[in-house]
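Colleague: I should like to go through this model with you. Could we begin with one of the helices?

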Amino acid sequence: MIQELKRQGLSISAIARQTGLDRKTVKKYLANGLETPAYAPRKPVASAAEPYRTYLLERMASYPGLSSRRLHREIRDMGYDGAYSSLTEYLRQIRPPLPRPYERRFETGAGVQAQVDFAEFQTVFTGEPGIVRKVWLFSMVLGQARTTD
């Protein structure tokens with residue numbers, strides 16, 4: 001489209017206004033022709049927290065629930081001058097996953113416990129086409145253990 005507008009005799013500024021692009025972008029596309037720009041992936045950059053990796057790993061191994069704020073305060077006192085958000089991103093990469101707690105089954109006797117759901121729906125009944133009605137749903141399921149006494 002940019003090439004066609006240029007062939008029609010429009011200036012770079014007029015093309016930029018018409019397409020909503022910056023003049024430099026229009027110039028770049030006119031210079032490169034129909035080639036689409038090829039962008040290379042960014043080079044990985046070492047985190048400012050990398051020098052503190054061993055300290056952070058030791059602290060997280062000793063105290064798995066240690067907060068990022070606390071670790072930020074500690075390494076800031078050691079000379080860390082990076083941002084808190086950079087540290088949290090770095091910790092997300094190196095923090096070991098917390099073990100999932102064992103879930104204990106909860107068993108009850110017949111009729112001792114119930115689960116209740118309440119919901120609202122809108123529907124059209126076949127007997128009244130074109131009229132939207134509000135319907136309320138109440139559901140109660142009684143619990144019972146699978147074990148036999």
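Modeller: On the other side of helix 6, away from its buried residues, R92 and Q93 are exposed. Exposed means over 50% relative accessible area, buried under 20%, and partly exposed in between (1.4 Å probe, protein chains only). Helices are DSSP runs (H or I, at least four residues), numbered from the N terminus.

Colleague: What kind of model is this?

Modeller: This is a predicted model, in which local features need pLDDT of at least 70 and side-chain atom pairs count only at pLDDT 80 or more, while totals for chains, interfaces and linings use all residues. Residues are numbered from 1 along each chain as its sequence is written, and side-chain values use heavy atoms, with hydrogens and water left out.

Colleague: Which residues of helix 6 are buried?

Modeller: L87, T88, Y90, L91 and I94. They fall within an arc of 165° seen down the helix axis, so they line one face of helix 6; the arc is that of the directions from the axis to the C-beta atoms.

Colleague: And what covers them?

Modeller: The cover includes helix 4 (53–62) and helix 5.

Colleague: Turning to salt bridges, how many are there?

Modeller: The whole structure has 5, each a side-chain nitrogen of Lys or Arg within 4 Å of a carboxyl oxygen of Asp or Glu. One of them joins E74 and R59 at 2.7 Å, N to O. E74 lies in helix 5 and R59 in helix 4, so this pair ties together parts 15 residues apart in sequence.

Colleague: Are those two buried or exposed?

Modeller: Both E74 and R59 are buried. E74 also meets R70 in a salt bridge (2.9 Å, N to O), and R59, R70 and E74 are linked in a network.

Technical notes:
Helices (H or I, at least four residues) and strands (E, at least two) are DSSP runs, numbered from the N terminus. Contact means heavy atoms within 4.5 Å.
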